[in-house]
Amino acid sequence: MLGEKLSMGNNASVGGGAGNTDLLKKSNKLEFAVKMTCNSCVEQIRSSLNGIPGIHSVDVDLSTGSVVVDTVLPSHEIQHRIETTGKDAILRGVGSKEHKNLGAAVAMLGGESGFSAVGVHGIIRLTQIDETNCIIDGTIDGLSPGKHGLHVHECGDISNGCESVGDHFNPYGVNHGSPESDKTQRHAGDLGNVEAGVDGRAVFRIVDPILKVWDIIGRSIVVTDSEDDFGLGASEKSKVDGNSGHRLACGIIARSAGLFENSKKICACDGLTLWDEKNKPLAGNSRQNKPQQQEPTSSRL
């Protein structure tokens, strides 16, 4: 058995795939830009994160406006905890706890840079924390409550929506299977299921020993409307895609900043500041619209 899952709260999950539960303990570092003005801000942020199970260390630097957290928790949960102090936070980079940047990527599902025909949208970040293990950390909104399949597909072509992204990424030419199986019994892109709560949100963190960031840049990631049966169903379709149903939303996997690799304050393409850009899509005409004012404690993707 290559992995296990455990639930965190009502709609967050952590998954892993290696020979035992050790994968669930594999942490990575998350670098946030945070609006801080004084030492009181620093202490408020430390207090919001200290003593939380799953957080190993917190480094807050007032001079650079950065918070670096070593954790096994999803980035969304860390960001939410920081923003409960009333401070805006933006995830700037991800990497291994040894500060080795072996590869990081991001996929925007739905919105203006991905595709969704049903209002499903989200962001998924992928980080190679060592030569073996990849962390898939994401938040997806607009889902029906329950489990939904999550897979990396072979193509990054969304010209015809999610129908043009090809089949599951399957470099070894094997049948579809469980993320807990080894590479001879699953597609490399088989990431199992994510579970949405009653609010339609799925928050997840998966540690996978088969998928590699350097193999999937330019490919796509897809969430489906049904639960993946891991290839155990009676139909032939089960061995192809786990009977996971219609493709709800997808996004192209693009290279992103690793830990301490993103020092951007103003976007050169349109002059948006880091904080203006927080409330903007990554691309499209609406990026030029005036930013909407939001409560500082709101939790964003």
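Which residues does Leu-150 touch, not counting residues up to four places away in sequence? Select Leu-150 and have a look. Keep in mind that you are looking at a predicted model.

**Stop 1: the cores**

Around Leu-150 you should find Ile-124, Ile-140, Gly-189, Asp-190, Leu-191, Gly-192, Val-194, Phe-204, Ile-206, Ile-221, Val-222 and Val-223, once residues up to four places away in sequence are set aside. Now add Leu-126 to your selection. In the largest nonpolar core, which has 29 residues, Leu-126 and Leu-150 are the two that touch the most other members. There is also a second core, separate from that one, with 21 residues. To find it, click on Val-34, Leu-49, Ile-55 and Leu-91, which are among its members.

**Stop 2: a four-stranded sheet**

Next, switch to a cartoon view and colour β3, β4, β5 and β6. These four strands make an open sheet, and reading across it the order is β4-β5-β3-β6, with antiparallel pairing. The edges are β4, residues 55–61, and β6, residues 89–96; each of these pairs on one side only. Going from one strand to the next, the twist averages 20 degrees.

Zoom in on β3, residues 28–34, and follow it alongside β6: the two run antiparallel and are joined by seven bridges. For one spot to click, pick Leu-30, whose bridge partner in β6 is Val-94.

**Stop 3: two helices on the sheet**

Now bring in helix α1, residues 39–49. Helix α1 packs on the sheet and touches β3, β4 and β5 (66–71). Compare the direction of α1 with that of β4, and you get an angle of about 170 degrees.

Then select helix α2, residues 75–83. Helix α2 lies across β3, β4, β5 and β6, and runs at about 35 degrees to β3. Is α2 mostly covered or mostly uncovered? Mostly covered: seven of its nine residues are buried. To see them, highlight Ser-75, His-76, Glu-77, Ile-78, Gln-79, Ile-82 and Glu-83.

Stay with Ser-75 for a moment, since this residue of α2 has a relative accessible area of 8%, which makes it buried. What is Ser-75 in contact with, leaving aside its neighbours within four places in sequence? Show Leu-30, Phe-32, Leu-91 and Asp-137, and you have the set. Leu-30 should look familiar: it is the residue bridged to Val-94 in β6.

**Stop 4: salt bridges**

The structure holds five salt bridges, and we'll visit some of them. In general, side chains of opposite charge can pair when their charged atoms come close.

- Select Asp-130 and Lys-26. Their closest N and O atoms are 3.8 Å apart. Asp-130 sits in the loop between β9 (121–128) and β10 (134–141), while Lys-26 sits in the loop between β2 (12–16) and β3, so far along the chain that 104 residues separate them. Asp-130 is partly exposed, at 23% relative accessible area, and Lys-26 is partly exposed too, at 28%.
- Move on to Asp-141 and Arg-201, whose side chains meet in a salt bridge at 2.7 Å, N to O. Asp-141 is in strand β10 and Arg-201 is in the loop between β13 (190–196) and β14 (202–208), so this pair ties together parts that are 60 residues apart in sequence. Asp-141 is buried, with a relative accessible area of 12%, and Arg-201 is buried with 17%.
- Finish with Asp-208 and Arg-186, a salt bridge with its closest N and O atoms 2.8 Å apart. Because Asp-208 lies in strand β14 and Arg-186 in the loop between β12 (159–162) and β13, the pair ties together parts 22 residues apart in sequence. Both Asp-208 and Arg-186 are buried.

**Stop 5: around strand β16**

For the last stop, select β16, residues 247–255. Which strands should you show beside it? Try these:

- β7, residues 104–109, pairs with β16 in the antiparallel sense over three bridges. Click Val-106 and its bridge partner Ala-254.
- β8, residues 115–116, pairs antiparallel with β16 over two bridges. Here Phe-115 has Cys-250 as its bridge partner.
- β15, residues 220–224, runs antiparallel to β16, with five bridges joining them. Look for Ser-220 and its bridge partner Ile-252.

Terms used:
Residues are numbered from 1 along each chain as its sequence is written. This is a predicted model: local features need pLDDT of at least 70, side-chain atom pairs count only at pLDDT 80 or more; totals for chains, interfaces and linings use all residues. Side-chain values use heavy atoms; hydrogens and water are left out. A nonpolar core is a set of buried Ala, Val, Leu, Ile, Met, Phe, Trp, Tyr and Cys residues joined through side-chain atoms within 4.5 Å. Buried means under 20% relative accessible area, exposed over 50%, partly exposed in between (1.4 Å probe, protein chains only). Contact means heavy atoms within 4.5 Å. Two strands pair if DSSP finds at least two bridges between them. Axes are lines fitted to C-alpha atoms, for helices over the stretch in contact, and angles run from 0 to 180 degrees between N-to-C directions. A salt bridge is a side-chain nitrogen of Lys or Arg within 4 Å of a carboxyl oxygen of Asp or Glu.
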